[in-house]
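Visitor: I should like a close look at a single part of this model, the surroundings of the ligand. Please set it out as one connected account.

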Amino acid sequence: MAKSTMDQDLSKVLFSEEQIRQRVQELGDELFERFKDRNPLFVGVLKGCFLFMSDLIRACQIKSEIEFIAVSSYGDEFASSGNVQITRDLQHDITGRDLIVVEDILDSGNTLYFLTQYFKAKGAASVTIVTLLDKPARREKPIHADYVGFETPDEFVVGYGLDFKQQYRNVPYIGVMKPELYQ
Ligand code: PRP
């Protein structure tokens, strides 16, 4: 495979492809045990979730359905505006459903705080949050994930779905952006 032109923009690898693969399988196994008799609905929060979601649902071989919702609170800014807007809504009724909400990162908590209320108001029977990364140092809202892939330090992380100005999502591992590129 040709060498990546993006590696040089990252100061270090935080979680390797192999670490991610192993952890996603562990999460898939845990979800399998908890939800195998419940026909859950996986709800991915676009866009950041797309790689994690696709790997997680294959790591969890239960009868289930998938849905996506897209929200925006950052735009291209570094800090969450706190104003969460739905840019693509659910396409199906979630009344009475057990939701497994799949996120790439839980940061300020604004997004998942908003979405949890939203899904409950729409009649979800339960909302279980799975996030690949958790950055507790930045939390502004009282929200916690039920399943966390990795706790991550307060650094600018990209890759495996996470972006910097919409780029780097296709880096196959999670790395840290060189500060000189965004400061
Ligand atoms: C990111 C990420 C989460 C949210 C987490 O989305 O995917 O949805 O921020 O941050 P919070 O806990 O501070 O709300 P972003 O708005 O960058 O859009 P994207 O998923 O399209 O990258």
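Guide: A helix here is a DSSP run of H or I with at least four residues, a strand is a run of E with at least two, and both are numbered from the N terminus. In those terms, Lys 47 belongs to the loop that runs between strand 2 (41-46) and helix 2. The model is a predicted one.

Lys 47 is a suitable place to begin. The peptide bond between Leu 46 and Lys 47 is cis, with omega at about 0°. A polar backbone atom of Lys 47 is also 3.0 Å from an oxygen atom of the ligand.

Two side chains make comparable approaches to the ligand. In Ser 108, an N or O atom of the side chain is 2.5 Å from a ligand oxygen atom. In Arg 169, a polar side-chain atom lies 3.0 Å from an oxygen atom of the ligand. Of the 490 Å² of accessible area that the ligand has on its own, the protein covers 90%.

The wider shell can now be described. There are 16 residues around the ligand, and those that come nearest are Tyr 74, Glu 103, Asp 104, Ser 108 and Thr 111. By type, the shell consists of 6 charged, 6 polar and 4 nonpolar residues. Strand 5 (98-106) and helix 3 (110-121) each contribute at least two residues to the shell. Strand 5 has the largest share, with 4 residues.

Arg 169 deserves separate attention. It is found in the loop between strand 8 (157-158) and strand 9. Since its relative accessible area is 13%, and buried means under 20%, Arg 169 counts as buried. Its side chain forms a polar contact of 2.6 Å with the side chain of Gln 166. Beyond four places in sequence, Arg 169 touches Lys 47, Gly 48, Phe 50 and Leu 51, as well as Gly 159, Tyr 160, Gly 161, Leu 162 and Asp 163. Lys 47, whose backbone approaches the ligand, is thus among the residues that Arg 169 touches.

Two further residues of this loop have notable backbone angles. Tyr 160, one of the residues touched by Arg 169, lies in the loop between strand 8 and strand 9. Tyr 160 has a positive phi of about 50° although it is not a glycine. Lys 165 lies in the loop between strand 8 and strand 9, and it too is a non-glycine residue with a positive phi of about 50°. Their accessibilities fall in opposite classes: Tyr 160 is buried at 5% relative accessibility, whereas Lys 165 is exposed at 52%.

Finally, strand 5 connects this account with the protein interior. The largest nonpolar core has 28 residues, and the most contacts inside it belong to Leu 31, Phe 52, Leu 56, Leu 133 and Ile 174. Strand 5, which supplies part of the ligand shell, is among the elements that give two or more residues to this core, as are helix 2 (50-59) and strand 9 (174-177). Helix 1 gives the most, with 5 residues. Among the residues in contact with Leu 56, outside its neighbours within four places in sequence, are Leu 31, Phe 42, Val 102 and Val 130. Another core, of 20 residues, lies apart from it and includes Leu 99, Leu 112, Ile 129 and Ala 145.

Note on methods:
Residues numbered from 1 in each chain as written. Predicted model: local features only at pLDDT ≥ 70, side-chain atom pairs only at ≥ 80, totals over all residues. Heavy atoms only, no water. Near = heavy atom within 4 Å. Polar contact = N/O pair within 3.5 Å; in protein donor to acceptor, adjacent residues only side chain to side chain. Areas by Shrake-Rupley, 256 points an atom, 1.4 Å probe, with all protein chains shown as cover. Nonpolar A, V, L, I, M, F, W, Y, C, P; charged D, E, K, R; others polar. Core = buried A, V, L, I, M, F, W, Y, C linked by side-chain atoms within 4.5 Å. Buried < 20%, exposed > 50% of the residue type's maximum accessible area, 1.4 Å probe, protein only. Contact = heavy atoms within 4.5 Å.
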